[in-house]
Each structure stands twice: as structure tokens, then as C-alpha cells.
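Notebook open, model loaded. I want to look up how a few helices pack and what one side chain touches.

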Amino acid sequence: MIVSDSEGPTKKGAINDTLAIIYFMWMGGAAVIGWTAVVTTLDFFNFKYPDANVSFIFPIAVYVAQLLNTAVITKISMLMTYNARIITALICIIVATISLPIIANVLQGTSAGIQIMMVLLFLLGFNNTLCYASAGGLTSQLDGKYSAYLLIGLGVWNLAVVLSREVVFVIFRPASSKE
């Protein structure tokens, strides 16, 4: 629980509102940033694997993982606390998100590369859902306004990723498109 100490002694368990808002906005984005990064870079993966229909097959692994997650989330919630689920999921999201472009470069154009990336995407989809559902569950234990901040974080982070990609394209556009 986030405890306030900015105004002197407080009741044990009192929530520092500002810190809670920042936390839930951060978690809204952190839960889905990996998949958003993949979706906004599908052209990179299409370039590395021109014979694979990346735009079609990548989402399949993620959606199957999300569907599986909905079937097992109740069991997982009985075994792990909110924070344990969130931290575990974030670690898996980080590993999968960093590994995907590395695998794409190292195993470019190979079926082994696609297979490994599909496993990573499955892990990414499962853990995106686990993290977001756990953060949402945590907000349900608190004031309802924190659910709104979780959703705001989701939108702001997704928008930030898409905008940063566009800025990179404006700055580093391909030589063939320069005037």
C-alpha cells in the first residue's frame, strides 16, 4: 500500500493520492507497451521475414495467449498476490520485448526465428493480460478513480509510442523519400 508521509503522521495504510495516480497511469502503459511496440514495428518484422505473413500470424499468438489467460487468471490469482503477478508479468514483458528484435536480426528469414518469436509473442500476450488484469484488480480494491487513471495511462502510453515512431520517421526517413 502506498503510504503518505508528506503531511506528517498519517493513518497506517493511507494512500498518497499523487503517487497512486502516477503508479496506475504508469501501470496502464507498462502492461501493454510491449505489444504496442510490436504492432507499431510490424514493417520491421515484415522486412526481416518477407516470406511470412507477419501482420497475420503475430496477433494469433498474442490472442491465443490472452484467451488462455482468461481461462486461468482465477487460478493464478489464488496462487499469487497482485504485486507478485504484476512484477512477474512486467519482467516477462521486458524480456520478450527486448528479445523479439534481437531474434529477428540473428535468425532473420528462418523458420526457427519465426517459431521463437511466436513463443515470445505468446508470452508477451499472456503477461500483458496478466499485468493489466492484475493492475485492474488492484484498482478495484481502492477508490474507483484509480481505474480511470489506469485507462488514461494505457491511452497516453500507446499514443506516446505511436507518436515517437512518427517522429523517428520524420527525422530518419529513408533516402529514397528525401526530396
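**Helix pair.** I started with H2 (residues 33-40) and H6 (residues 111-140) in this predicted model. Their axes come within 9 Å and cross at roughly 135°. That angle is not over 145, the cut-off for roughly antiparallel, so I logged H2 as oblique to H6. Next I pulled the residues that meet: Gly34, Trp35 and Val38 on the H2 side, with Leu121, Leu124 and Asn128 on the H6 side. Sorted by class, this contact has four nonpolar residues, two polar ones and no charged ones.

**Helix H5.** Does the end-to-end length come out as expected, or what does it come out as? I checked H5 (residues 82-106): with 25 residues at 1.5 Å a residue, the span should be 36 Å, and the end C-alpha atoms are 36 Å apart, which agrees. I also found a kink of about 30° at Ser99 in H5, shortly before Pro101.

Then I listed the buried residues of H5: Arg85, Ile86, Ala89, Ile93, Ala96, Leu100, Ile103 and Ala104. I noted an arginine, Arg85, in that list. As for partners, the buried residues of H5 pack against H1 (17-30), H2, H3 (42-48), H4 (54-79) and H6.

**Thr129.** Back to H6, where Thr129 lies. Is Thr129 buried or exposed? I got 18% relative accessibility, and since buried means under 20%, Thr129 counts as buried. Leaving out residues up to four places away in sequence, I found that Thr129 touches Gln66 and Asn69.

Note on methods. Residues numbered from 1 in each chain as written. Predicted model: local features only at pLDDT ≥ 70, side-chain atom pairs only at ≥ 80, totals over all residues. Heavy atoms only, no water. Axes fitted to C-alpha atoms, helices over the stretch in contact; angles between N-to-C directions. Helix = DSSP H or I, 4+ residues; strand = E, 2+ residues; numbered from the N terminus. Parallel < 35°, antiparallel > 145°, perpendicular 65-115°, else oblique. Contact = heavy atoms within 4.5 Å. Nonpolar A, V, L, I, M, F, W, Y, C, P; charged D, E, K, R; others polar. Expected span 1.5 Å × (residues − 1). Bend = angle between axes of the 7 residues up to and from the residue. Buried < 20%, exposed > 50% of the residue type's maximum accessible area, 1.4 Å probe, protein only.
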